[in-house]
Amino acid sequence: MVNIFKVCCNIIVDAKNKYMNPYLLKIKGMISPVKIWRYGEKNKENIIYFITDISTQRSGTFSIYLGVLDELAYAEKMNWISVVDSMQGVCRKQKRDKMKNFMNNTFQFENILPIEEVFQSQNVIFSTILNKVKLMQLFHETDVPDKRKLNSIFDFEEEELQYWRDLARRRIKFSDTVSEQLNEAYRQVIPDGGKVLSVAVREGKMFLTEQTRKQSGEHVQPSIEEFIATVTKYCSEWKCQYIYLSCEARETIDIFNKAFGEDKVLVLERYRFRLDDLKSITTFKTGKRLWRSMAKIENYDMDYVKDMYILSKGDCLICPVNCGTEAAYIMSEGFEHHYVIRKD
C-alpha cells in the first residue's frame, strides 16, 4: 500500500511557483496532486493548512489529540499556517455520541488565524493522510520532530520530546471549565505529600488478536500479572509511597489492593467494567457492543480524561504503549523515573 504513495507530486505550475513551500517544487509526477483551494484574496503569500476530520470511527479522545498534534507538527515542518477546525464538525464527532462534539467541549485550540479567515484565503490545503504520506517523503532530516518515524512518543530523546510538550501547551489546551474539573479530581484523589507512582493498565486491549493489532497499529498490552511484578520491583526501588492506578476493570483494583494494600493504591471514582467482558474483546467487531454501551455511561469520556490527567501528574510512571499513555506522557512535566512495558 505504501508503494502507491511513493509517486511524486504534479502541482499546478503557477501555484507551486508563487505560493508553495520550496520543498514542493521538488515534487513531480504525483498521480493525484495536492488540491489547493482558493476562497478569497487573503494570505496570498502563505499556505493555510486546515486540520479537520482526521480520525477514524474507532478514534478515541487521545487518539484524536495525538492526531491533531501530529498535524500541527507536520504544518510547522512545511512552514505552513495551521488552523484546527473548531467548528461543529471538528476532527470527527466521537462514535459513542454523534450528537455531541466532545473534542470541542474539552479542548481549546489556539489558532493563529480565525477559522472565518481560512475561507477568505488564497491558498488552503485540507489535512489528509494521502497528502502527508506523499509530501513527507521529501523530509529525511533526523532532527525534525516526526511521530511517524518512531515506534512511539516514548522513543523520543529529551529535546525532541520537549518540542512535543511545548507544541501541545501552545496549541491544544484544556478549556477553563475542564481544567477546573481536572484539578478538582486531582485534589480529591492524590494526598498531600508522598511520592506517587502512576500505573496505567489497559485491559480492553489486552486480548486483541495479533491480526487485529497489526491491522490497527495497536501495541501488545502486558498482562495484569506482568504489571504486578513490574510495580513490585520499581515501587520499592523508586521509594514511592502511593500507586495511582488507571484501569478499566474492577477486578484489577482488587488485585492491586491485595498486592500492595488499599491504603497505598489510589484510584479515581469512575465506571469500571467486568474483566470477563473486557476479555471478550478480541477484535474491534467483538468489542462494538461494549464500546457502544459507553454512550450510556454518564461522564465516561470526561472521567477517562481525568484519569490520564492524574496519571500525568505522578512522580514516576509505569505504563504500556497506547494513545492514552502517550498523551499523558506529553501532558506531563516529566517523570523522575519511568518504565514502559513493551511486548512488541
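**Exercises on a predicted model**

The open sheet has five strands, ordered β8-β7-β6-β9-β10, with parallel pairing. Strands are DSSP E runs of at least two residues and helices H or I runs of at least four, numbered from the N terminus; two strands pair if DSSP finds at least two bridges between them. This is a predicted model, where local features need pLDDT of at least 70, side-chain atom pairs count only at pLDDT 80 or more, and totals for chains, interfaces and linings use all residues. Residues are numbered from 1 along each chain as its sequence is written, and side-chain values use heavy atoms, without hydrogens and water.

**Exercise 1.** Find which strands stand at the edges of the sheet.

*Solution.*
- β8 (265-266) and β10 (337-340) each have a single partner strand, so one side of each lacks a neighbour in the sheet.
- Inside the order, β6 (residues 196-200) and β7 (residues 242-246) pair in the parallel sense over five bridges.
- In that pair, V199 stands opposite L245 of β7.

**Exercise 2.** Determine how the buried residues of α7 are arranged around its axis.

*Solution.*
- Helix α7 spans residues 176-189, 14 in number.
- Its buried residues include V178, L182, A185 and V189; buried means under 20% relative accessible area, exposed over 50%, partly exposed in between (1.4 Å probe, protein chains only).
- Down the axis of α7, the buried residues fall within an arc of 65° (taken from the directions from axis to C-beta atoms), so they line one face.
- The face turned away from the buried side carries exposed D176, T177, E180, R187 and Q188.
- Elements covering the buried residues of α7 include β7, β8 and α13, where contact means heavy atoms within 4.5 Å.

Terms used. Expected span 1.5 Å × (residues − 1).
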